[in-house]
Amino acid sequence: MKNKESRNGIFKENFLRFLGAEIWIEYKACLYSFCMMVFYCIYLLCGGIYQASILILAEMVLAAYFMGYVQVYLLKNFDESDRLGKREVWSILLCSFVYTLISFVLAWFDKSLPATGLFFLFMLFSFGCVCMVNRMRRAYDTRNLNKMLEEFKKGEQRYDKCN
């Protein structure tokens with residue numbers, strides 16, 4: 001009986017770890033696909049085009065999901081790192097390059113080299129902003145958790161309070 005409980009605990013722990021990774025992938029896909037769509041829409045507006053291709057938008061979402069898996073499982077979730085070291089910088093460059101390569105191959109910007117080059121710079125900027133926002137979010141969460149811990153230690157248990 002104890003062996004079965006142990007297996008259930010291991011299964012539950014692995015499932016929760018998998019679910020947590022999937023949530024991060026979903027978060028990344030939303031963030032980066034939105035960034036790409038903003039750039040794409042600005043590109044179209046600058047060209048006097050007021051309609052976007054649904055196929056290109058879908059390709060952007062799929063690319064963001066694919067890269068989310070790469071970021072979480074192969075690149076150790078680098079944009080959630082506490083510091084911006086060599087590994088994180090290389091990961092940012094690699095991901096920006098892969099997004100840019102996908103955009104060129106799939107002709108998101110009509111294979112225009114200037115637009116594709118600007119897209120690469122925009123993705124570098126996007127990754128930098130996401131890293132900074134994630135760091136600020138963690139600092140805010142840490143501050144709130146420490147505050148809640150202090151309140152708990154003092155006996156002021158307020159579990160419904162998030163801020």
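In this predicted model, the mean positions of the 20 positive and 15 negative charges of the protein lie 6 Å apart. Charged side chains also pair up directly, and a search of the whole structure finds eight salt bridges. Three of these pairs are described below, after a look at the overall fold.

The protein has four helices and zero strands, and from the N terminus on its elements follow the order α-α-α-α. The radius of gyration is 20 Å, well over the 15 Å that the globule rule gives for 163 residues, so the protein is more spread out than a compact globule. Along the principal axes, the C-alpha atoms fill a box of roughly 60 × 40 × 35 Å. Of the 163 residues, 31% are buried. The surface exposed by the protein comes to about 11,000 Å², and 70% of this is supplied by carbon and sulfur atoms. As for how the chain meets itself, 65% of the contacts between residues at least 6 apart in sequence join residues at least 24 apart.

Helix α2, which spans residues 54-74, includes V70. With a relative accessibility of 17%, V70 falls under the 20% limit and therefore counts as buried. The C-alpha atom of V70 is separated by 13 Å from that of F97, a residue 27 places away along the chain. Q71 also belongs to helix α2, and its relative accessibility is 0%, so Q71 counts as buried. What surrounds this side chain is worth a closer look. Neighbours within four places in sequence aside, Q71 is in contact with K28, Y32, K76, N77, F78, D79, C95, Y99 and F127. Two members of this list, K28 and D79, reappear below as partners in a salt bridge, and K76 returns for its backbone geometry.

Turning to the salt bridges, E13 pairs with R17, and the closest N and O atoms of the two are 3.9 Å apart. Both residues lie in helix α1 (residues 2-46), where a spacing of four residues places them about one turn of the helix apart. E13 counts as partly exposed because its relative accessibility is 44%, while R17, at 53%, passes the 50% limit and so counts as exposed.

A second pair has another setting. The side chains of D79 and K28 meet in a salt bridge with an N to O distance of 2.4 Å. D79 sits in the loop between α2 and α3 (86-105) and K28 in helix α1, so this pair ties together parts that are 51 residues apart in sequence. Both D79 and K28 are buried. Each of them also touches Q71 of helix α2.

The third pair is formed by R137 and E80, whose side chains meet in a salt bridge at 2.9 Å, N to O. This pair, too, links distant parts of the chain: R137 is in helix α4 (residues 113-154) and E80 in the loop between α2 and α3, 57 residues apart. R137 is partly exposed, given its relative accessibility of 28%, whereas E80 is buried, with a relative accessible area of 14%. The R137 and E80 pair belongs to a network of salt bridges that links E80, D82, R137, R138 and D141.

Finally, the backbone deserves a word. Most residues other than glycine have a negative phi. Against that background, which residue of the loop between α2 and α3 stands out? K76, found in that loop, has a phi near 55°, a positive value in a residue other than glycine. At 61% relative accessibility, K76 counts as exposed, yet K76 is among the contacts of the buried residue Q71. K111 likewise has a positive phi, of about 55°, although K111 is not a glycine. K111 is found in the loop between α3 and α4 and, with a relative accessible area of 43%, is partly exposed.

Conventions
Residues are numbered from 1 along each chain as its sequence is written. This is a predicted model: local features need pLDDT of at least 70, side-chain atom pairs count only at pLDDT 80 or more; totals for chains, interfaces and linings use all residues. Side-chain values use heavy atoms; hydrogens and water are left out. Helices (H or I, at least four residues) and strands (E, at least two) are DSSP runs, numbered from the N terminus. The radius of gyration is taken over C-alpha atoms; the globule rule is 2.2 Å times the number of residues to the power 0.38. Buried means under 20% relative accessible area, exposed over 50%, partly exposed in between (1.4 Å probe, protein chains only). Contact means heavy atoms within 4.5 Å. Accessible areas come from the Shrake-Rupley method with a 1.4 Å probe; for residues, only the protein chains shown count as cover. Lys and Arg count as positive and Asp and Glu as negative; His and the chain ends are not counted. The place of a charge is taken as NZ of Lys, CZ of Arg, CG of Asp or CD of Glu. A salt bridge is a side-chain nitrogen of Lys or Arg within 4 Å of a carboxyl oxygen of Asp or Glu.
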